[in-house]
2 protein chains.
Amino acid sequence: MRPTVHDIAAAAGVSLATVDRVLNQRAGVRVVTREKVEQAIERIGYVRDVAAANLAKSRVYPLVFILPSGDNSFMRGLETQVRAAIGRSSAERTAISIVTVPAFNAEALVVALDEARAGSPAGVAVVAIDSPDVIAAVDRLRADHIPVVTLVSDLAGSKRDHFAGVDNIAAGRTAASLMGRFLGGRSGPVAVLAGSMLVRDHRERLDGFRTVMAEHFSGHALLPVIEGQDDPALVERLVGQALAASPEIAGIYSLGAGNRGLIAALKRRKSTAPVCVIAHELTQHTRAALNDGLIDVVLNQDAGHEVRSAIRVLKAKADGVAVIGAQERIRLDIFLKDNLPFEQDSNQMPAEGRQD
Amino acid sequence: MRPTVHDIAAAAGVSLATVDRVLNQRAGVRVVTREKVEQAIERIGYVRDVAAANLAKSRVYPLVFILPSGDNSFMRGLETQVRAAIGRSSAERTAISIVTVPAFNAEALVVALDEARAGSPAGVAVVAIDSPDVIAAVDRLRADHIPVVTLVSDLAGSKRDHFAGVDNIAAGRTAASLMGRFLGGRSGPVAVLAGSMLVRDHRERLDGFRTVMAEHFSGHALLPVIEGQDDPALVERLVGQALAASPEIAGIYSLGAGNRGLIAALKRRKSTAPVCVIAHELTQHTRAALNDGLIDVVLNQDAGHEVRSAIRVLKAKADGVAVIGAQERIRLDIFLKDNLPFEQDSNQMPAEGRQD
DNA sequence: GAAATTTTGATGTACGTAAATCAGAAAATG
DNA sequence: CATTTTCTGATTTACGTACATCAAAATTTC
């Protein structure tokens, strides 16, 4: 049987009330007594029964998730996952609210962050936009002792507690490595499709991609980055133009925004020369394109894992408990046609009511 | 506030004791009363607070993990992860014991399964060997209502409750797909290194690999499978011979046993012609070889995830609770040099005390 | 309709922790 | 030394569920 608070009291020769004061850092305990209790805790190897403690506290964690609006499939999948987490909230003792703000709009994000702060929640998860104002808004939350986790896209320079997302530099490097090797002997330039360079995740992917391409596959020139603003029609037109202008294009790397337009452009392409296409985020569109052979590789981050990880980390931070880095690392999924999971795509499909 | 047993009692117009009898399917409730209570439960949307229930029951789940002995790095990593789970056992209310049996030995495994059964645990997780005797032994456990989860290698035809491992056919297909594309224009045969064809996971990987190679990359002949029995010295010798006999070898696929011998043979190779090497399981050896460029791709299954998933499933089955397939799917990790996680390899590193 | 049986209610204890109250003891202050 | 302040102990209630006991009510059986 594992030791309980009663055992601490007995071991330390103090009363239960004093043990409670020490455990929950309440005032009114002399330093000597406190140390006596702490030594007893150490000695008998007491660990708080979190389930019982939560039961006694009947604690709930009000959390705010701030996500970009718009029709980006990945972001909507992310929202679906947050809603799934809301469905589990009674079991997980969370009270999650979702706030959506226009994509790529730093001012709106700052407003949302400040409004979240006004509600003094137990934690905030945010898909960050890289901007000094946003950093300042995040730091204001932290100044109020509200834990902040960045989701999908990080916010370097801020005091955020944790980042729940993949290593995007590694993702870009991996894309380049696969691209270079898939191209094999073939020659020809490589195009890159981006949404906006405002978000850090896309910038980092591009950095990683460029580095490895330059280092190992310098035979393939990189065409100027196509910025499609995640607008399907615009992307389709721009990609179509690029393909027409450089028919010898050997590969395309899509950083994650505008996959629908990209796929449309690929479908309309007339040339039959092979193009190696690597895209980010597994959605119904990229999944279908992968199956059809239009896309060769999809790099993915599991939205469900990210959301669940963010919640775990926020709760832990709110309780002042340590988080285990290895446990919370979000892995980069590499999908070929051959290892696609059978079920619907993982970003759209909520994991039904159950904790991680 | 979520409804409690008291709310059920009030809603159904019965006493707490009767609600308890219905909830815990105790005898002594008239059918009409039972239905009244069940309707009330349905109506107010009651869900049992598992944490409180476990607290009240002070339930523990005695689980048995049966693993192959020997010095296979992956299996030892798996054992490390089970030991890490043992470290979390007080928090997770488990009492896990580990049984090791000689690898590739069906009789020993049957004995171990029957001995586990004699202890009537709450569940058994086993790295299966494909054999009618083993299937029968697993089915004996199931006949005693003891949940069984196969780990890493499945046992088709048995009544096991769940398989905690990757889709090995997809893994083999993925390996072939990567192999074929990495080879690009190059020609030359491809060698396959296996441990023993007794275990289903290796057979499935080989099946998947062969299928895709024949389908899409028939230009590369497959050399006869090298069976190294996971013996480093033997593997090194056999692979060395194969490389010497067929200097034009373009690729090697290692199904997961004997990576150390393979790496040793690769190091001693004199020819500088490029060989594409794809291996299973990320260990300190394959990690180093990946970094050194000796291996091109490592396919991995996260042992930690597998163990934690097996425990969750066994507990759920023991409680008669449904498991969520999507949540428990073990993903195939594809590692290139570029997306290796920073920390020590994930199979060796226990995730410190914390639930999933 | 009385007796035997089954069903239900009322109540208490337990799980391990949190949190509060109040009295008493120890320490610091004058 | 008396007084105030600070610390500590004893005790109780609560969280939501499980489980046991005993009495009372309802039902079935003869």
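This note comments on one strand of chain B and on one pocket in a predicted model.

1. Strand E3 of chain B, residues 123-126, is covered on both faces. On one side lie B:Gly123 and B:Ala125, and on the other B:Val124 and B:Val126; all four are buried.

2. Strand E3(B) has a parallel partner in strand E1 of chain B (residues 61-68), with four bridges between them. Within this pairing, B:Ala125 is the bridge partner of B:Phe65.

3. Strand E3(B) also runs parallel to strand E4 of chain B (residues 148-151), to which three bridges join it. Here B:Val126 stands opposite B:Thr150 of E4(B). The connection from E3(B) to E4(B) passes through helix H8 of chain B (residues 132-143), and this β-α-β crossover is right-handed.

4. The second largest pocket holds about 930 Å³ of space. Its lining comprises 36 residues, and the closest to the pocket centre are A:Asp338, A:Asn339, A:Leu340, B:Asp167 and B:Ala170.

5. Which elements give two or more residues to the lining of the second largest pocket? From chain A there is strand E11 (333-335); from chain B there are strand E5 (162-164) and helices H9 (168-183), H10 (200-216) and H15 (325-328). Helix H9(B) provides the largest share, with six residues.

6. As to the chemical character of the lining of the second largest pocket, 14 residues are nonpolar, 14 are charged and eight are polar. Among the residues closest to the centre of this pocket, A:Asp338 and B:Asp167 belong to the charged class, whereas A:Leu340 and B:Ala170 count as nonpolar.

Note on methods. Residues are numbered from 1 along each chain as its sequence is written. Chains are lettered from A and ligands numbered from 1 in the order in which they are written. This is a predicted model: local features need pLDDT of at least 70, side-chain atom pairs count only at pLDDT 80 or more; totals for chains, interfaces and linings use all residues. Side-chain values use heavy atoms; hydrogens and water are left out. Buried means under 20% relative accessible area, exposed over 50%, partly exposed in between (1.4 Å probe, protein chains only). Two strands pair if DSSP finds at least two bridges between them. A crossover is right-handed if, with the strands pointing away from the viewer, the path from the first strand over the helix to the second runs clockwise. On a 1 Å grid over the protein atoms alone, a cavity is a set of points where a 1.4 Å probe fits but cannot get out, and a pocket is an open set with protein on both sides within 12 Å along at least five of seven lines; lining residues have an atom within 4 Å of a point. Grid points are joined across faces, edges and corners, and a volume is the space filled by probe spheres set on the points.
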